[in-house]
Structures are given as C-alpha cells and as structure tokens.
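Work through these exercises with the model open beside you. Try each task before you read its solution.

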Amino acid sequence: MTAGRGDEVWISTPNGLFHSTDAGVTATKVLDGNVKNVAVRGSEVVAVGENLVQLSIDGGRTFAPVPNTPAADYDAATYAADGSLYLGSRTSLLRGDGKHWTTMPGLPDRDVRSLLATRDWLFVGTGSSGVYRLPLS
C-alpha cells in the first residue's frame, strides 16, 4: 500500500491495483494482475509485479507497459528525487528513466524485495542478507 496526496491510497494486491481517494473507505480497481508494489510521483503511477511493469501518466486512469523493461518478477519500485525510477526483482536492481534501464552494480544480494529512496540514499531490502544503503549521486 502506498499513500498519495491527501486521502489518496494505492493498494497493490494479487488481484490487481486499487485506488482510493477517501483514505481507503472505498477503492476502485484500476489495473489487473498480480501487483506487488506501486510507486507514485505526481500524476505518474508505476505498478510492478509478476512479469508486470505498468505506467500511468494520468493519475491511474490508464496504464501501459513500460518499454524495454526486462521480464522479471518485480517486488519493488520507487522514485528518487532526481526522477529516476528504481525497480527491484529477485535477480536485479534496475535504474531507469522509464525507457532505458541499467543494472545497478555493487549490490552483494540481488534478491531485491523492497526499496526506499531519500534525497541522498537508496535503501535496498533484500531477501536473505538484510538492508543495503547506496548513495544517490
């Protein structure tokens, strides 16, 4: 689950992505699929999951596949302050701009389960060896 602006909530489930504008009292399904995580930046919404990376540029009204994204079971997504999008799967950590992707080096455990970006750091939660802190520079 991810909070948006005000009472906005995004709920990722194995049955799809749901959007609420009343703090979760009601929610509308906006995307099918096994959605494991969602990242929100303004009107951009990225949903990731099992062979799923979908982007909405209109606040979740419509979604389209993110181009050139490697097929994977994605567990995590987050935006950094510079606008970069980070995606985490069971086998890699990717950084991209929504069109081009780079595998991030220097991560001893490639089983990425969760991501959190601050202004200066990317925190990467892994499946078996803990949390890593990578500089965002």
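**Exercise 1. Describe the surroundings of Ser56, starting from its side chain.**

Step 1. Find the side-chain links. The side chain of Ser56 reaches the backbone nitrogen of Gly60 at 2.7 Å. A polar contact of 2.7 Å also joins the side chains of Ser56 and Asp58. A polar contact is a pair of N or O atoms within 3.5 Å; within protein, one must be able to donate a hydrogen and the other to accept it, and residues adjacent in sequence count only if both atoms are side-chain atoms.

Step 2. Note the basis of these values. This is a predicted model: local features need pLDDT of at least 70, side-chain atom pairs count only at pLDDT 80 or more, and totals for chains, interfaces and linings use all residues. Residues are numbered from 1 along each chain as its sequence is written, and side-chain values use heavy atoms, with hydrogens and water left out.

Step 3. Place the residue. Ser56 lies in strand E7 (residues 52-56). Helices (H or I, at least four residues) and strands (E, at least two) are DSSP runs, numbered from the N terminus.

Step 4. Is Ser56 buried or exposed? Its relative accessible area is 0%, so Ser56 is buried. The cut-offs are under 20% for buried and over 50% for exposed, with partly exposed in between (1.4 Å probe, protein chains only).

Step 5. List the contacts (heavy atoms within 4.5 Å). Setting aside neighbours within four places in sequence, Ser56 touches Ser43, Glu44, Val45, Arg61, Thr62 and Phe63.

**Exercise 2. Work out the sheet that holds E7.**

Step 1. Give the order. Four strands form an open sheet, E5-E6-E7-E8, with antiparallel pairing. Two strands pair if DSSP finds at least two bridges between them.

Step 2. Find the edges. Strand E5 (35-41) and strand E8 (64-65) each have a single partner strand, so one side of each is left without a neighbour in the sheet.

Step 3. Look inside. E6 and E7 pair over five bridges in the antiparallel sense. The bridge partner of Ala47 in E7 is Gln54.

**Exercise 3. Explain how E2 sits in the structure.**

Step 1. Check burial. Four of the five residues of strand E2 (residues 9-13) are buried, so E2 is largely enclosed by the rest of the structure.

Step 2. Find the partner. E2 pairs with strand E3 (residues 16-20) in the antiparallel sense, over five bridges. The two form a hairpin with two residues between them. Trp10 stands opposite His19 in E3.
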